[in-house]
Amino acid sequence: MRMTAFEDVSLRALMLLAANDTGEPLATRTIAEGIGTPYNHVSKAVLKLRELGYVEATRGRAGGVQLSDAGRKATVGGVLRALDTREDLADCETPNGDCPLSIQCGLRGALRRAREAFYRELDGVVVASLPHERQMGPVLVQIGLRPPAA
Ligand code: SF4
C-alpha cells in the first residue's frame, strides 16, 4: 500500500519534531527546510497535525510547534489512520457515480481488510522512537539547531 504525499510529509514533520532536543518550538519554515519539503505543503500538514492534537503551537516571534503528549505517544498506524479519510482504496464510489461492480464486491472488502492489516502492523511503531542520531544529527546542524561538528 502506498502512503499519500501528505501522510509522508506529516510523518517526516513528526519525526523531526521528535528529534528536536532544544526544548524550543520549531517554526514551520524550519521544519520545511529540515524535511526537504515546500513550505506550503508542510504548513498544511502542521495545521492538520494540530487539529489532530499531535502538535501544539506557540505564537510570537519565537513561536512554532512542538510535539504534544499525544504526539510523543503517537504510533505510525494511529497517525496514518487519522490522516486517511478514504472510505475505500479504489474508486468504488465517486461524485460521477458508483463502480458498476460495487454490489457485494469481494475485492472492496478484501482491500479494506488489507489496509487494516497494514495499519495494525504499524500500530506498534511509535513515531517518536524512529529518529536516530546518524539520521537526524546532520539535519539538526543544517537547520541551525546544533553547532557544526568541530
Ligand atoms: S471493483 Fe470493487 S473494489 Fe474495485 S472499484 Fe469496483 S467496487 Fe471498488
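In this predicted model, V46 is located in helix α3, which spans residues 39-51. V46 is classed as buried because 25 other C-beta atoms lie within 10 Å, where 20 or more suffice for that assignment. Beyond its neighbours within four places in sequence, V46 is in contact with A13, T28, I31, V55 and V65. For one of these partners, V65, the separation along the sequence is 19 residues, and the C-alpha atoms of V46 and V65 are 8.1 Å apart in space.

Two of the residues in contact with V46, A13 and I31, also take part in the packing of helix α1 with helix α2. Helix α1 (residues 5-19) and helix α2 (residues 28-35) pack at an angle of about 105°, and their axes are 10 Å apart. Helix α1 is therefore roughly perpendicular to α2, as angles of 65 to 115 degrees are assigned to that class. On the α1 side the contact is formed by V9, R12, A13 and L16, which meet I31, G34 and I35 of α2. By character, the residues of this contact comprise 5 nonpolar, 1 polar and 1 charged.

A contrasting environment is found at A117, a residue of helix α6 (residues 106-122). A117 is exposed, since 10 other C-beta atoms lie within 10 Å and the limit for this class is 12 or fewer. A117 and K73 are 44 residues apart along the chain, with 21 Å between their C-alpha atoms.

The ligand is surrounded by D88, A90, D91, C92, C99, L101, S102, C105, L107, R108 and L111. This shell consists of 7 nonpolar, 1 polar and 3 charged residues.

Definitions and conventions. Residues are numbered from 1 along each chain as its sequence is written. This is a predicted model: local features need pLDDT of at least 70, side-chain atom pairs count only at pLDDT 80 or more; totals for chains, interfaces and linings use all residues. Axes are lines fitted to C-alpha atoms, for helices over the stretch in contact, and angles run from 0 to 180 degrees between N-to-C directions. Helices (H or I, at least four residues) and strands (E, at least two) are DSSP runs, numbered from the N terminus. Angles under 35 degrees count as roughly parallel, over 145 as roughly antiparallel, 65 to 115 as roughly perpendicular and the rest as oblique. Two residues are in contact if their C-beta atoms, placed from the backbone, lie within 7 Å. Ala, Val, Leu, Ile, Met, Phe, Trp, Tyr, Cys and Pro count as nonpolar, Asp, Glu, Lys and Arg as charged, and the others, Gly among them, as polar. A residue is near a molecule or strand if its C-beta atom, placed from the backbone, lies within 6 Å of it.
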